[in-house]
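I opened this model to make notes on its chains, strands and helices. The entries below are in the order in which I looked things up.

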Amino acid sequence: MTAALFGTRRGAIVAAVLLLIALALPKLVYPVLAIDIIAYGLFAVAFDLLLGFTGLLSFGHAMFWGGAGYVATILIAKANVPFPLAVILAIAYAAVLALIVGAIAIRRQGIYFAMITLALAQLQYFFAYQLGGWTGGENGVQLSSRGTLFGIALENDIAFYYAVLAVAALGTYLVVRVVRSPFGAVLGAMRENEQRAIALGFRVDRYKLIAFVMSGTLAGVAGVLFAVGNRLSGLDGVDWHTSGKVVMMSILGGIGTVFGPIAGAGIFESLDFFVSKTAIGDKTNIVMGTIFALCVLLFRRGIIGELLADRTKRAKT
Amino acid sequence: MALGLSVIFGMLRIVNFAHGAMFMLGAFVAYYGFQLVHMPFYAAIIVAPLIVAAFGLAIEVLFLRRLYRLDPLYGLLFTFALVLIIEDSMRLVAGSVGSPYETPAGLDFAVNIGFALFPAYRLFAIGFAMVVCLVVWLILERTPLGARIRAATEAPVLVRALGIDTQLLVSLTFAAGVALAALGGVLAAPIQNVEPTMGDKIIINTFAIVVIGGLGSIGGSVITGFALGLLQTLGAVIFPAFNDTLIFMLMIIVLLIRPSGLFGAPASAK
Amino acid sequence: MRFSRSLPAVLALALLASSFPAPPARGADSGPIKIAVITDMSGVYAALAGPGAIEATKMAVEDFGGKVLGRPIEVLTIDHRNNGPDAAIKAREAYDGGADLALDMTNSAVALAVAAVAKEKKKLAIVTGGASSALTGANCNRYTYHYAYDTYALAASTGANVAAQSNGKTWYAIVPNYAFGTAMLADFTAAIERKGGKMQKADLYPFGSTTDFSSYLLSAKNSGAQVLGLFNAGLDTTNSMKQAKQFGVDKVMKIAVGLLFLTDVDALPDVYAGSRITTSWYWNYNSESRKWADKYAKRMHGLRPSDIQAADYSAATQWLDAVKAVGTTDADKIQQYLDNRQFNDFYAKGGEWRGRDHRVIHEMYVVDVLPKEQVKEPHAWFKVVQVIPPGRAFRPESASTCKKDW
């Protein structure tokens with residue numbers, strides 16, 4: 001059920017429009033905000049691989065995002081590990097963490113899965129708090145520079161933005177490939193009817209675990225981009241509100257559409273940023289929560305999902 | 001102690017992020033009740049849950065009802081949105097810092113319980129919470145109404161076929177759950193500061209209790225809740241640094257050994 | 001049907017389109033000189049900094065004449081929402097938009113994040129609100145000064161003051177287990193031991209989820225220690241102080257609080273009465289401070305300023321003086337001018353921009369929060385019990401961990 005990807009002409013148009021917006025983004029908004037948007041976009045794509053294509057709602061994805069961010073910044077700032085190695089280790093951390101968490105969490109489904117991922121994410125959150133010597137506790141870890149990649153300094157915000165965009169595009173492309181592969185088809189079958197998938201002889205748990213690890217790893221990649229882009233990582237990165245945020249972004253954009261979550265992240269981040277400059281101040285959640293509640297009540301397919309859903313009136317919940 | 005209260009929330013079968021927010025609203029109703037009309041604590045303990053329950057009922061009827069036929073995850077997501085809206089709205093109304101709520105008259109003394117002085121109010125709150133737990137458990141397990149509620153949440157179609165208005169039952173159950181959360185908030189108000197994020201701190205622990213205790217057994221939830229409360233109190237003394245993580249560690253262990261939770265008998269066993 | 005279904009989506013897209021503003025203007029050497037006040041406008045620190053910090057900075061600009069180097073001075077309001085990344089991105093935007101000074105940064109995570117941005121952008125940041133002494137330690141840099149107070153100064157002043165008394169020798173501490181709390185504990189312990197006192201026991205409690213302090217308070221009460229140290233801040237202090245009174249701990253022990261602001265007491269005078277704390281300034285201390293507080297109160301509906309708000313005024317004025325003296329807003333030149341400069345104003349007595357680590361030192365004040373019956377007018381909650389000279393209040397230069405990058 002992934003026809004709504006490139007399958008329709010509309011899908012291609014949406015993808016092209018998004019790409020154009022993404023290319024022009026640093027001209028439209030403040031470049032570092034643009035970096036945030038793209039990093040969150042990739043995070044949401046990674047999350048959507050799990051929710052949209054596998055049917056698993058993780059409420060603890062911040063643990064990969066924030067965790068990998070911590071590992072990267074700590075290695076660079078405290079252990080003087082070279083930049084590329086630190087990034088690789090950070091992503092490896094997210095992958096291993098996803099493997100462990102996934103192995104525990106896939107034992108249950110639905111709401112239990114959500115709660116278990118949430119609780120495990122809290123576990124990491126508390127460790128991040130307690131190990132203040134490494135994580136700086138509530139003060140976070142700051143980087144004095146973004147370092148270099150292949151000999152190119154990443155200090156320039158615009159240059160860094162396009163590097164981030166390239167990584168995010170690659171990540172999204174990978175997700176597209178996964179989703180459209182036979183493996184993705186099995187995931188879809190599992191989402192639609194798990195019993196039938198089992199009956200067909202698929203080792204459902206193994207597929208779920210692989211999807212979980214891929215999603216967690218990619219979320220880790222996004223988290224590293226965010227942390228390096230902002231030159232800091234802190235507790236809010238591993239907080240459950242961040243997990244909630246990526247859920248909101250994905251659903252707002254449209255789950256199961258790959259590009260929807262990117263649009264969702266863009267809308268969410270920019271709206272949040274600009275609303276915070278109005279009289280509402282730090283109570284942006286009134287606005288964001290209302291939009292999300294309306295989204296859950298009225299257009300569950302999300303913005304991009306609604307745009308794509310012309311003829312194919314799927315009875316998807 | 002805080003866990004003793006949170007047990008109450010875990011009992012109802014509705015997974016509701018907003019329970020923490022309802023807990024907070026209960027405390028705020030008590031606070032504003034006192035500020036505006038000098039409503040005494042003993043009145044607040046009844047009035048505040050009713051007011052918040054009415055609010056919860058409105059949300060159930062207006063919004064949540066539309067989501068029942070969908071994946072329950074949408075209900076979870078909607079209540080998450082509610083938390084964000086309610087919390088930030090309260091921050092807008094009441095400020096972020098919070099306000100004190102006086103210890104109720106008649107309970108503002110300390111009792112000598114052998115080895116130390118203990119504030120009378122705390123004893124009252126613990127006792128009151130236990131009584132409420134017991135009453136709710138009795139209603140659910142031992143009365144025809146309780147039987148219907150359990151049936152309606154487990155097999156709504158079947159129950160409807162028997163001519164029982166499940167919609168009404170579900171709404172009432174939801175309202176009762178909200179009222180219990182609000183009651184917890186009122187009981188906590190004199191101990192803590194009344195502030196908009198006070199619900200956040202308990203909701204995740206509540207989730208863990210539900211997972212550990214398993215659903216289907218209210219008694220299991222209560223026992224788990226109290227056992228964990230005890231464990232955390234002891235843990236605070238033995239290794240305080242990792243006290244917070246204890247509950248989650250336990251949850252992982254339980255899940256590995258008994259995926260359905262300690263007291264969560266397989267669906268058919270009851 | 002189809003129209004109505006896709007309508008919300010179209011609306012949302014329209015919203016997306018409208019939420020992109022025009023790109024920010026580039027800064028220039030002409031046009032207004034901008035001071036970015038990065039503060040908490042509506043969160044937990046809004047009362048002690050927030051709108052009051054903005055107003056205090058505006059007062060400084062007005063009193064300065066509204067112009068320097070022939071250019072008008074503008075005060076930017078930036079809400080950091082107590083979020084490090086959020087503050088960092090807004091600080092970058094402000095510096096890129098032509099701001100020459102970032103001020104306030106109430107919240108340590110925010111202060112550290114903005115300090116890093118200041119270093120990157122080579123623009124000045126003066127932290128008044130953030131508490132972490134890492135700003136002049138491990139995280140020190142050329143472009144960041146720490147102006148009002150820090151965890152070391154609070155702990156050293158309160159700890160030394162109480163432990164100097166014969167009934168303040170043995171301590172029992174209740175400490176949140178996070179960076180602020182453990183830093184406070186270490187600094188308090190050192191200060192107490194220097195005066196011959198002893199930290200009998202310290203209970204570390206999990207931060208964030210602890211609202212019930214009864215077990216810690218009971219064990220503190222039974223410990224026989226003379227002083228209870230609450231090395232926490234904000235809501236935790238409120239809750240633990242409130243419960244300490246419920247258990248009657250204040251009847252048998254002195255209570256020393258790590259970090260408390262005048263505006264905290266404004267909200268809950270009864271709860272805090274009887275505790276001993278350290279502040280960098282108190283509005284009702286002398287006629288000079290009172291004079292400024294009266295001006296502030298006129299503009300702020302009768303409220304009295306916290307020490308942070310006074311520090312914002314003072315720091316903004318000092319910086320404008322420096323700009324005028326040097327004849328440029330260039331951060332490197334201002335920094336060279338400020339380093340090791342001594343000054344005095346209504347806020348800072350015996351002030352010095354310490355060149356070794358960019359700690360701005362001045363007198364600190366140990367105060368008691370008065371019981372209700374001794375409070376003579378609203379907001380006059382404190383009584384100064386000891387003045388700590390600059391040299392003793394702050395971490396000595398010899399013990400500095402700052403690796404100078406300038």
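The notes go from confidence to chain B, then to chain C.

**Entry 1: confidence**

I noted that this is a predicted model. I looked up the global scores and found ipTM 0.82 and pTM 0.82. For chain C, I read a mean pLDDT of 89, with 92% of its residues at 70 or more. I then checked residues 1-28 of chain C, where the pLDDT is below 50. This stretch has 31 contacts in the model beyond near neighbours in sequence. I keep in mind that predicted coordinates should not be read in detail where pLDDT is low.

**Entry 2: chain B overall**

I looked up the secondary structure of chain B and got 11 helices and 2 strands. From the N terminus, the elements run α-α-α-α-β-β-α-α-α-α-α-α-α. Chain B has 270 residues, of which 51% are buried. I also looked at contacts in chain B between residues at least 6 apart in sequence: 74% of them join residues at least 24 apart.

**Entry 3: chain B against chain A**

I asked which helix of chain B gives the most to the side that touches chain A. First I took the totals: 35 residues of chain B are in contact with 34 residues of chain A. On the chain B side, α3 (41-67), α4 (72-94), α9 (200-213) and α11 (243-257) each supply at least two residues. The helix that gives the most is α4(B), with 16 residues. By type, the residues on this side of chain B divide into 27 nonpolar, 2 polar and 6 charged.

**Entry 4: the open sheet of chain C**

I traced an open sheet of 6 strands in chain C, in the order β2-β3-β1-β4-β5-β6, with mixed pairing. Its edge strands are β2 (67-68) and β6 (144-146) of chain C, each pairing on one side only. I followed one pair inside the sheet: β1 (residues 33-39) and β3 (residues 71-79) of chain C run parallel over 7 bridges. Across this pair, Val37(C) stands opposite Thr77(C) in β3(C).

**Entry 5: strand β7 of chain C**

I asked whether β7(C) is enclosed or open, and why. In strand β7 (residues 170-176) of chain C, 6 of the 7 residues are buried, so the strand is largely enclosed by the rest of the structure. I then looked for its partners. β7(C) pairs in the parallel sense with strand β8 (residues 198-205) of chain C over 7 bridges. The chain goes from β7(C) through helix α6 (residues 179-194) of chain C to β8(C), a β-α-β crossover that is right-handed. β7(C) also pairs in the parallel sense with strand β9 (residues 227-230) of chain C, over 4 bridges. Ile174(C) stands opposite Asp203(C) in β8(C) and opposite Leu230(C) in β9(C).

**Entry 6: helix α6 of chain C**

I checked the span of α6(C). Its 16 residues reach 23 Å from first C-alpha to last, close to the 22 Å expected at 1.5 Å a residue. The buried residues of α6(C) include Ala179(C), Phe180(C), Leu185(C), Asp187(C) and Ile192(C). I looked up what the buried residues of this helix pack against: α6 (132-135) of chain A, together with α4 (108-121), α5, β7, β8 and β9 of chain C. Just after α6(C), Gly196(C) takes a positive phi of about 80 degrees.

**Entry 7: Tyr152(C)**

I located Tyr152(C) in helix α5 (residues 151-163) of chain C. Tyr152(C) counts as buried because 26 other C-beta atoms lie within 10 Å, and the cut-off is 20 or more. Leaving aside neighbours within four places in sequence, Tyr152(C) is in contact with Ser133(C), Asp187(C), Phe394(C) and Arg395(C). I also took one C-alpha separation: Tyr152(C) and Ser400(C) are 248 residues apart along the chain and 11 Å apart in the model.

**Entry 8: positive phi outside glycine**

Most residues other than glycine have a negative phi. I therefore noted Lys122(C), which is not a glycine and has a positive phi of about 55 degrees. Lys122(C) lies in the loop between α4 and β5 (124-127) of chain C. With 13 C-beta neighbours inside 10 Å, Lys122(C) counts as partly exposed.

I noted His358(C) as well, with a positive phi near 70 degrees. His358(C) is in the loop between β13 (351-353) and β14 (360-361) of chain C. His358(C) is buried, with 27 other C-beta atoms within 10 Å.

How values were computed
Residues numbered from 1 in each chain as written. Chains lettered and ligands numbered in written order. Predicted model: local features only at pLDDT ≥ 70, side-chain atom pairs only at ≥ 80, totals over all residues. Buried ≥ 20, exposed ≤ 12 C-beta atoms within 10 Å, placed from the backbone. Contact = placed C-beta atoms within 7 Å. pLDDT = per-residue confidence, 0-100. Pairing = 2+ DSSP bridges. Right-handed = clockwise from strand over helix to strand, strands pointing away. Nonpolar A, V, L, I, M, F, W, Y, C, P; charged D, E, K, R; others polar. Expected span 1.5 Å × (residues − 1).
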